[in-house]
Amino acid sequence: MDIFFQQIINGLVQGSVYALVALGYTMVYGILGLINFAHGEVVMIGAMIALTALQALLAAAFAPVLAVLFSLMIAMAVCMALGYSIERIAYRPLRHAPRLAPLITAIGVSIVLQNLAMMIWGREYHSFTLPFTSTSHHLGGAVMNDVQIGIVIVALVIMAGLMWLVHHTRTGRAMRAVAENPAAATLMGVDINRVISVTFMLGSALAAIAGFMVSANYGIVHYYMGFMLGLKAFTAAVLGGIGNLRGAMLGGVLLGLIESLGAGYIGDLTGGFLGSHYQDVFAFFVLIAVLVFRPSGLLGEKLAERA
Amino acid sequence: MTPPSNRLLELTNVGKHFGGVTALADVSLHIHRGDIYGLIGPNGAGKTTLFNVVTGLYQLDSGGFQFAGQSYTRCKPHLLAQAGIARTFQNIRLFANMSALENIMVGRHLRTRTGIWGALTRNAAARAEERATVQRARELLDYVGISAAHQTLAKHLSYGEQRRLEIARALATEPKLLALDEPAAGMNATETVALKALLQKIRASGITILLIEHDVKLIMGLCDRVAVLDYGKKIAEGAPEEVRRDPAVIAAYLGGETTEAPDGTTSHSTKPASGQVAGYRPQAGEGLG
């Protein structure tokens with residue numbers, strides 16, 4: 001049972017990160033019908049910027065707490081600018097192109113960002129250590145440290161804030177209106193391009209936070225880290241029903257739990273034949289299963305209402 | 001001729017083509033402030049295309065139009081909405097998964113300011129504006145007579161309620177010109193009478209109305225002036241009773257386009273439209289739909 005609780009905790013922590021990244025995929029899809037495959041790379045850039053900023057701020061003798069806070073804010077700002085630029089440069093010119101064109105462009109942007117990061121930060125793994133010790137807490141037989149508790153709490157607050165923004169503010173209403181019916185929204189005076197830019201910037205800010213979280217949790221940053229994380233988060237968005245915000249959050253947490261429990265028990269289940277390094281298999285098994293049995297996802301509606 | 005200052009919307013030689021098909025050819029017309037202006041014509045005559053041009057959904061190929069003294073040839077829809085043109089759609093286009101109240105609140109987008117920072121910081125101005133938006137949306141629901149439905153998702157409203165909600169949402173943008181694309185389509189006689197009263201109330205509040213409609217009785221009873229389109233050309237314009245007697249109009253409706261003609265001419269069970277068309281006899285308008 002100790003392993004079970006431990007894996008639940010690990011799954012919740014990882015799932016919180018997936019959920020934040022999945023929200024970025026699902027928001028863009030909801031409004032543009034586009035899978036932004038460069039989103040995982042935005043997470044990576046967020047982590048890299050946070051690392052560099054954190055080191056610089058600590059070197060400049062900032063108090064640890066302030067250094068962490070400021071580096072996160074810098075990462076968010078840079079990612080928002082990056083998300084905005086990606087949309088302006090790569091996707092907007094293709095707004096009315098066949099759907100395959102922006103999809104391939106997204107993969108292209110992803111490769112460009114990876115290589116850019118490799119040129120700036122190199123091919124090696126960087127260690128990402130927070131400037132304070134993270135105490136471990138024993139809950140029953142399971143262990144959860146401060147960083148993990150922080151990740152789950154921050155993720156919950158951010159997601160609640162996003163839901164409030166989307167449902168109870170002028171900006172959020174404009175986003176939903178554009179997602180439901182762009183022509184009608186524009187006649188209400190909603191500037192569609194502005195809404196799309198805001199959406200990309202919001203998603204990228206969440207990506208920066210997620211990038212900071214994974215880095216703090218695993219203590220390692222690498223130019224390739226966004227690829228697998230992006231694919232997993234995309235899987236989470238599909239699992240929940242792409243285009244649906246609640247679905248992205250549910251899908252993220254569920255995928256985290258499935259992966260974590262799968263990794264924890266795969267050794268026992270296969271008599272030691274397969275080890276926990278097979279954990280990635282579960283995410284893609286889930287993706288295939290969803291696509292085959294319930295393509296609209298857990299909370300997704302049938303794709304009928306797009307005008 | 002009326003002085004140009006009294007003209008809210010003036011189209012000059014507007015043309016629009018789709019490939020080889022001419023949807024609008026050299027259409028010129030003007031709408032006076034405070035009027036209800038009817039636009040009729042057989043299916044495919046270019047009525048909705050004209051709506052799409054003046055609301056910016058289509059870019060016109062030739063000519064131009066003036067609205068409230070400002071000239072336009074190419075313009076984004078949200079800027080024309082800002083200038084004061086609002087519309088409804090022939091096939092209702094509400095935000096189906098938003099509540100009736102929220103639909104109207106989106107309509108207030110144009111006349112409100114709060115950005116994302118204001119929303120996140122919840123400053124006094126943002127909160128006051130949000131309160132005012134809710135308040136105005138409730139008033140508009142009440143104005144069009146569906147206040148009981150404010151929390152209902154738009155897709156769950158009845159057909160008549162959806163039409164009214166779409167009008168309320170358009171009014172929320174504070175238009176000078178309200179363009180309605182077949183608002184009575186699919187309505188029963190009682191609903192149509194109520195719609196007519198609503199449109200008269202809107203006109204009385206100072207808003208000019210441009211109306212596409214197949215219900216002849218509604219057009220004749222409401223409109224100050226009427227234009228008839230056929231194959232993208234304006235074939236007649238004037239007071240309703242003049243237009244109704246125009247040989248070109250009668251020819252357009254009888255000349256092979258009889259499919260939709262009975263529309264307005266078979267529903268004369270309710271009371272006569274109004275004094276202005278007291279002499280209106282169904283058989284005289286035979287085929288005009």
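## A two-chain predicted model

With 16 C-beta neighbours inside 10 Å, B:Glu174 counts as partly exposed, because that class lies between buried (20 or more other C-beta atoms within 10 Å of a residue's own) and exposed (12 or fewer), with C-beta atoms placed from the backbone. This is a predicted model, in which local features need pLDDT of at least 70 and side-chain atom pairs count only at pLDDT 80 or more, while totals for chains, interfaces and linings use all residues. Residues are numbered from 1 along each chain as its sequence is written, and chains are lettered from A and ligands numbered from 1 in the order in which they are written.

B:Glu174 has company in B:Tyr231: each is a residue other than glycine with a positive phi.

| Residue | Phi | Loop in chain B | C-beta atoms within 10 Å |
|---|---|---|---|
| B:Glu174 | near 55 degrees | between α6 and β7 (177-181) | 16 |
| B:Tyr231 | near 45 degrees | between β9 (225-230) and β10 (233-238) | 17 |

Helices (H or I, at least four residues) and strands (E, at least two) are DSSP runs, numbered from the N terminus.

Now to the sheet of chain B. Six strands make an open, mixed sheet in the order β6-β7-β8-β3-β9-β10, where two strands pair if DSSP finds at least two bridges between them. Its edges are β6 and β10 of chain B, each pairing on one side only. Strands β3 (residues 36-40) and β8 (residues 208-212) of chain B run parallel and are joined by four bridges; B:Tyr37 stands opposite B:Leu210 in β8(B). Helix α1 (residues 47-54) of chain B packs on the sheet, touching β3, β6, β7, β8 and β9 of chain B.

What about the place where the chains meet? The contact (C-beta atoms, placed from the backbone, within 7 Å) takes 26 residues from chain B and 22 residues from chain A. On the side of chain B, α2 (77-83), β6 (85-87), α3 (100-107) and α4 (116-121) each supply at least two residues.

Of these elements, let us look at α3(B): eight of its eight residues are buried, among them B:Glu102 and B:Asn103. Their cover includes α6 (170-180) and α7 (182-187) of chain A, together with α5 (124-143) and α6 (159-171) of chain B.

Finally, the largest nonpolar core (buried Ala, Val, Leu, Ile, Met, Phe, Trp, Tyr and Cys residues joined through C-beta atoms within 7 Å) has 175 residues, and A:Ala19 and A:Cys79 have the most contacts inside it. Helix α8 (residues 192-218) of chain A gives the most to this core, with 17 residues.

Note on methods:
Two residues are in contact if their C-beta atoms, placed from the backbone, lie within 7 Å. Axes are lines fitted to C-alpha atoms, for helices over the stretch in contact, and angles run from 0 to 180 degrees between N-to-C directions.
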